[in-house]
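The following paragraphs lead through a single protein chain, from its overall surface to its sheets and then to a few individual residues. Please keep the sequence and the model in view while reading.

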Amino acid sequence: MPTNRSAPPATVTPVLTYPDVRAAVAWLEAALGFEERVRIGDAHRAQMRVGTDGAVVVTDAGHGRVAPSGDGVTHLVKVRVPDVDAAFARAREYGARVVEEPRTWEYGERSGVVEDLAGHRWELTQTVRDVAPEEWGGTTVAPW
């Protein structure tokens, strides 16, 4: 697959709408450790790196796009981190609203959910052990 220095290299890139793109970029960098890679206009869009192989695009409202309004959950973005408790502490320090405290699940992940300054929800997750889906009631259709 060809690469393009003007586009994130991730296979799937969520595009999230914020009322203030620059405030969102600053918060995502400080609270979740994301890195801005490309800025488009003063406050139109930003492409951000998440970890070594992830990406998120932060965009402004308009052209039919709106930020979350608090009238229900429209999405949840899962971000794999090396230490979920440290990531949670950092997000909390920067004012994230805790939706679900971190807990360890039977399927081998420790995760929890925070909400950012615009109402987007982020599930921070860490693998704590390898578990076959059949051990907790899932079904392997095709292995990863």
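How much area does the protein chain expose, and what percentage of it do carbon and sulfur atoms supply? In this predicted model, the protein chain exposes about 9,000 Å², of which 51% comes from carbon and sulfur atoms. The C-alpha trace extends over about 50 × 40 × 25 Å along its principal axes, and of the 144 residues in the chain, 36% are buried. Among the contacts with a separation of 6 or more, 51% join residues that are 24 or more positions apart. The charged side chains number 16 positive and 21 negative, and the centres of these two sets lie 4 Å apart.

The secondary structure consists of two helices and eight strands, which follow one another from the N terminus as β-α-β-β-β-β-α-β-β-β. The strands can be taken up sheet by sheet, beginning with the one that contains β1.

This open sheet has four strands in the order β1-β4-β3-β2, and its pairing is mixed. At its edges stand β1 (15-18) and β2 (35-40), each of which pairs on one side only, while neighbouring strands are turned by 25° against each other on average, with direction ignored. Strand β2 pairs with β3 (residues 45-50) in the antiparallel sense over five bridges; within this pairing, glutamate 36 stands opposite methionine 48, and arginine 39 stands opposite alanine 46. The two strands form a hairpin with four residues between them, and in its turn glycine 41 has a positive phi of about 75°. Helix α1 (residues 21-32) lies across β1, β2, β3 and β4, and runs at about 10° to β3.

The other group of strands is again an open sheet of four with mixed pairing, here in the order β5-β8-β7-β6. Because β5 (77-80) and β6 (97-104) stand at the edges with a single partner strand each, one side of each is left without a neighbour in the sheet. On average, and with direction ignored, neighbouring strands of this sheet are turned by 20° against each other. Helix α2 (residues 84-93) packs on the sheet, where it touches β6, β7 (109-115) and β8, and the direction of α2 makes about 170° with that of β6.

Both senses of pairing can be followed in this sheet. Strand β5 pairs with β8 (residues 121-127) in the parallel sense over four bridges, and the bridge partner of valine 77 in β8 is tryptophan 122. Strands β6 and β7, by contrast, pair in the antiparallel sense over five bridges, with glutamate 115 in β7 as the bridge partner of arginine 97. They form a hairpin with four residues between them, in whose turn glycine 108 has a positive phi of about 90°.

Two loop residues deserve a separate look. Which loop holds histidine 63? Histidine 63 has its place in the loop between β4 (54-60) and β5. Most residues other than glycine have a negative phi. Histidine 63, although it is not a glycine, has a positive phi of about 55°. With a relative accessible area of 78%, histidine 63 counts as exposed, because the cut-off for that class is over 50%.

Leucine 117 is found in the loop between β7 and β8. Its relative accessibility of 48% falls between the limits of 20% and 50%, and therefore leucine 117 counts as partly exposed. Which residues does leucine 117 contact, once its neighbours within four places in sequence are left aside? They are Tyr18, Ala23, Ala24 and Trp27. Of these, Tyr18 belongs to the range given for β1 (15-18), whereas Ala23, Ala24 and Trp27 fall within the range of helix α1 (residues 21-32). Leucine 117 can also be placed relative to alanine 96, since the two C-alpha atoms are 6.9 Å apart in space although the residues are 21 apart in sequence.

Definitions and conventions:
Residues numbered from 1 in each chain as written. Predicted model: local features only at pLDDT ≥ 70, side-chain atom pairs only at ≥ 80, totals over all residues. Heavy atoms only, no water. Buried < 20%, exposed > 50% of the residue type's maximum accessible area, 1.4 Å probe, protein only. Contact = heavy atoms within 4.5 Å. Areas by Shrake-Rupley, 256 points an atom, 1.4 Å probe, with all protein chains shown as cover. Lys, Arg positive; Asp, Glu negative; His and termini not counted. Charge placed at Lys NZ, Arg CZ, Asp CG, Glu CD. Pairing = 2+ DSSP bridges. Axes fitted to C-alpha atoms, helices over the stretch in contact; angles between N-to-C directions.
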